[in-house]
Amino acid sequence: MTSNMVLEIARWLQDPEIKQALSTDTYAKLFGKLYGLDFESNELSSDLFAFPGEVSRQERMYLYHFFAAIWSGEKDVIEIGPFLGATTRAIAFGMLENRNRRPDRKLYTHDRFGSYYKREALLQTLKPLIDNGTFSGAAHQRLEGLAELPDFMEIFEEIHSNTPYSSILSAHKSVLPGAREEMPTTEYLFRTDASASYDVVFIDGCKSWYGTKHFMQEVVKNTEPGAYYIFQDFGWRSCFWLPVFWAQLSDFFEVISFVESTYAFRLVKPLDAGTIEERFPDQPSDFGRENFNLLFPKLILHAADIGDVRGIAYATMQHASALAYVGAKDEALAILNNLEQQAISAHYRDKISQAKESPTYLPDGTPVKLQ
Ligand SMILES: C[S@@+](CC[C@H](N)C(=O)[O-])C[C@H]1O[C@@H](n2cnc3c(N)ncnc32)[C@H](O)[C@@H]1O
């Protein structure tokens with residue numbers, strides 16, 4: 001059963017007096033911190049952390065608690081970018097624990113399930129599941145004989161079969177295009193069904209500017225005001241397109257919480273694909289260097305205003321990523337050199353030196369190099 005503490009925190013967070021007493025940003029910070037805490041039983045914690053993944057412990061706990069206590073349970077949930085499904089698992093366990101969940105509600109998860117890890121790295125990542133018998137026998141042997149960049153849909157399906165949540169999980173091979181011109185030739189192009197209706201959208205596969213635009217233009221058709229959008233990479237150093245997307249449409253999204261790089265928003269009024277078309281251009285160069293130079297300093301000051309040291313460092317790295325992407329590489333390097341000198345960067349030195357090597361990447365994964 002959902003621990004009482006999760007529900008207690010949800011009640012406390014939803015208390016109008018608490019909401020009124022705190023600024024929106026402080027509320028969001030506290031919300032993320034509380035739900036990122038690991039106060040569950042050892043058994044549940046080890047279930048949540050059993051699968052390898054690219055999200056932190058706090059982010060997994062946050063997702064579990066969010067779906068156990070905040071998700072309405074009324075509509076379906078959609079995820080883009082599960083990789084091996086560490087996030088899928090946290091979301092699905094949370095959904096199962098939600099007392100308001102309608103039994104027919106599902107978690108639809110979409111990924112291109114390929115072109116990501118090389119075979120050896122994938123085998124290495126799967127090692128804990130191979131060692132504990134979750135991924136064994138024939139499927140494991142097949143992987144040994146697979147291509148250099150293997151498809152991992154079959155692996156995903158196998159490791160999530162026979163789990164307590166397998167009956168509510170539905171996996172789909174879907175690809176987000178890296179540019180508008182790729183749309184006609186993209187196999188498995190991501191589309192949503194007109195009849196689908198989601199009240200939470202979890203995003204961890206929008207790895208390009210245009211891919212984000214396409215994904216959002218699709219899913220807004222299937223959500224209504226009140227729906228939550230949770231962006232895992234919103235505060236990640238390379239994914240500058242996510243805060244730009246939000247800034248261009250910030251009157252539609254209210255921030256409700258953040259933990260590490262995961263930010264959650266509530267849709268406050270109807271949003272359609274046409275509005276996204278008007279406000280979010282097709283590529284970073286159409287937005288332009290000057291606009292990046294206006295926007296990111298505001299985001300950095302905003303992070304400073306709420307005492308979010310991590311946010312200051314990462315928004316600065318995102319600023320450099322955006323500039324490097326549009327060719328202003330000297331300016332990007334100067335920003336990173338300056339950041340490196342500042343006391344607030346102490347915890348983020350390794351990330352800054354990675355950014356100085358390559359702050360971001362092109363839609364096909366090619367690193368953007370600074371020198
Ligand atoms: C950072 S990983 C996600 C990590 C994951 N959520 C976890 O729990 O570990 C990004 C995922 O996005 C997927 N992805 C990247 N580009 C994509 C695209 N253009 N279309 C669809 N999926 C994509 C990758 O295949 C990968 O599984």
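Hi everyone, let me start right at the ligand: a nitrogen atom of the ligand has a backbone N or O atom of Arg-112 lying 3.3 Å away. Before I go on, please keep in mind that this is a predicted model.

So, how much of the ligand does the protein bury? On its own the ligand exposes 600 Å², and 95% of that is buried by the protein.

Two further polar contacts are worth a look on your screens. At Thr-87, an N or O atom of the side chain is 2.9 Å from a nitrogen atom of the ligand. At Phe-83, the contact comes from the backbone, with an N or O atom 3.1 Å from an oxygen atom of the ligand.

Now let's step back to the whole shell. There are 18 residues around the ligand, and Thr-87 is among the closest, together with Glu-54, Asp-111, Leu-176 and Asp-204. By class, that shell splits into 8 nonpolar, 5 polar and 5 charged residues.

Where does the ligand sit? The space it takes is the largest pocket. That pocket has a volume of about 970 Å³. Its lining is made up of 42 residues, and those closest to the centre are Tyr-116, Asp-204, Gly-205, Lys-207 and Tyr-361. As for elements, helix H6 (86–97) and strand S2 (107–111) are the ones that give two or more residues to this lining. Sorted by class, the pocket lining has 15 nonpolar, 16 polar and 11 charged residues.

Let me turn to the enclosed space, for those of you who like cavities. How many cavities of 30 Å³ or more does the count come to? The count comes to 1. The volume of this largest cavity is about 290 Å³. It is lined by 19 residues, with Phe-234, Tyr-263, Leu-299, His-302 and Asp-308 nearest the centre.

Which elements give two or more residues to that lining? They are helices H11 (241–248), H14 (289–305) and H15 (309–325), along with strands S6 (253–259) and S7 (262–267). Of these, H15 gives the most, with 5 residues. The class split for the cavity lining is 12 nonpolar, 4 polar and 3 charged residues.

To put the two linings next to each other one last time: the pocket has 16 polar and 15 nonpolar residues, whereas the cavity has 4 polar and 12 nonpolar ones. Thanks for listening, and I'm happy to take your questions!

Technical notes:
Residues numbered from 1 in each chain as written. Predicted model: local features only at pLDDT ≥ 70, side-chain atom pairs only at ≥ 80, totals over all residues. Heavy atoms only, no water. Near = heavy atom within 4 Å. Polar contact = N/O pair within 3.5 Å; in protein donor to acceptor, adjacent residues only side chain to side chain. Areas by Shrake-Rupley, 256 points an atom, 1.4 Å probe, with all protein chains shown as cover. 1 Å grid on protein atoms, 1.4 Å probe; cavity = no way out; pocket = protein on both sides within 12 Å on 5 of 7 lines; lining within 4 Å. Sits in = over half its atoms within 2 Å of the grid points. Nonpolar A, V, L, I, M, F, W, Y, C, P; charged D, E, K, R; others polar. Points joined across faces, edges and corners; volume = space filled by probe spheres on them. Helix = DSSP H or I, 4+ residues; strand = E, 2+ residues; numbered from the N terminus.
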